[in-house]
Amino acid sequence: MKMRQTIGAGAALVLGLGLTAVSAPTASAALAAEPFGDACSAVPQSGAGSLGEIANQPVATAASNLPFLSTLTSAVQTAGLTDTLNNAQALTVFAPTNDAFAAIPKEQLDKLLADKDALAKVLKYHVVEGEKTPDDLQNATLTTLDGGKVTTDGSDYNYTVNGSKVTCGDVPTANATVYVIDSVLVPNP
């Protein structure tokens, strides 16, 4: 049985709260125990946006406290989806970073941001019902809130969603599990 050799942000949070950290018996259980991925280092260690804070906030509010998701937060507000996401129960959100949005040609992105209905469709394509664990992402096809399908693949801290890499995954919020991804997903027409 292999154990993690470093203490991740989630373990540091557990230790910082004075709770006892317990070793997970399997890699799958360890995956579910704390967020994983290189981009998790961008999550603040304390205060607004820290794992301890966002775990108690609904998903759209939690995203608004993470600077690397500011474009997504703005898009969610523009599309009028903040209350929808915050009031829903048990979601999984595939959250594109600011860099993911910046990779879209400016003219295309501006056009998308100006069309509330098209923007809402794209954003809903990043959300599925149910809080998915890393095990749930192994070779799966999931139905999104817009009725489309996303394909997830991978194992052992290496996951993709429609080929987009999960850079920080299994991040808990009050009503959702978040997987930060490196590109914006495009729904099928």
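Which residues lie nearest the centre of the second largest pocket? The points below take up this question after a short account of the chain.

1. The model is a predicted one. Its chain has 189 residues, of which 42% count as buried. The secondary structure consists of nine helices and seven strands.

2. On contacts and surface, the following may be noted. Among contacts in the chain with a separation of 6 or more, 63% are accounted for by residues 24 or more positions apart. The exposed area of the chain is about 9,700 Å², and 52% of that area is supplied by carbon and sulfur atoms.

3. The opening question concerns the second largest pocket. Ile104, Gln108, Leu112, Val122 and Val186 are the residues that lie nearest its centre, out of a lining of 15 residues. Two elements, α8 (106–114) and α9 (116–124), each give two or more residues to this lining. The greatest contribution comes from α8, with four residues.

4. The second largest pocket holds about 330 Å³ of space. What is the make-up of its lining in nonpolar, polar and charged residues? The lining comprises 11 nonpolar residues, one polar residue and three charged residues.

5. The structure contains one disulfide. It is formed by Cys40 and Cys168, whose sulfur atoms are 2.1 Å apart. This pair links distant parts of the chain, since Cys40 belongs to the loop between α2 (27–33) and α3 (51–54), whereas Cys168 belongs to strand β6 (residues 164–172), with the two positions 128 residues apart in separation. The link of Cys40 and Cys168 is right-handed, with 100° about the S-S bond.

6. Are the two cysteines, Cys40 and Cys168, buried or exposed? Cys40 has a relative accessible area of 9% and is therefore buried, the cut-off being under 20%. Cys168 has a relative accessible area of 2%, so Cys168 is buried by the cut-off of under 20% as well.

7. Ala39 is a further residue of the loop between α2 and α3. Its relative accessibility is 24%, so Ala39 counts as partly exposed, a class that lies between the cut-offs of 20% and 50%.

8. With which residues is Ala39 in contact, leaving aside its neighbours within four places in sequence? The contacts of Ala39 are with Thr167 and Cys168; Cys168 is also the disulfide partner of Cys40. In addition, the C-alpha atoms of Ala39 and Asp182 are separated by 9.8 Å, although these residues are 143 residues apart along the chain.

Definitions and conventions:
Residues numbered from 1 in each chain as written. Predicted model: local features only at pLDDT ≥ 70, side-chain atom pairs only at ≥ 80, totals over all residues. Heavy atoms only, no water. 1 Å grid on protein atoms, 1.4 Å probe; cavity = no way out; pocket = protein on both sides within 12 Å on 5 of 7 lines; lining within 4 Å. Points joined across faces, edges and corners; volume = space filled by probe spheres on them. Nonpolar A, V, L, I, M, F, W, Y, C, P; charged D, E, K, R; others polar. Buried < 20%, exposed > 50% of the residue type's maximum accessible area, 1.4 Å probe, protein only. Contact = heavy atoms within 4.5 Å. Areas by Shrake-Rupley, 256 points an atom, 1.4 Å probe, with all protein chains shown as cover. Disulfide = S-S within 2.5 Å.
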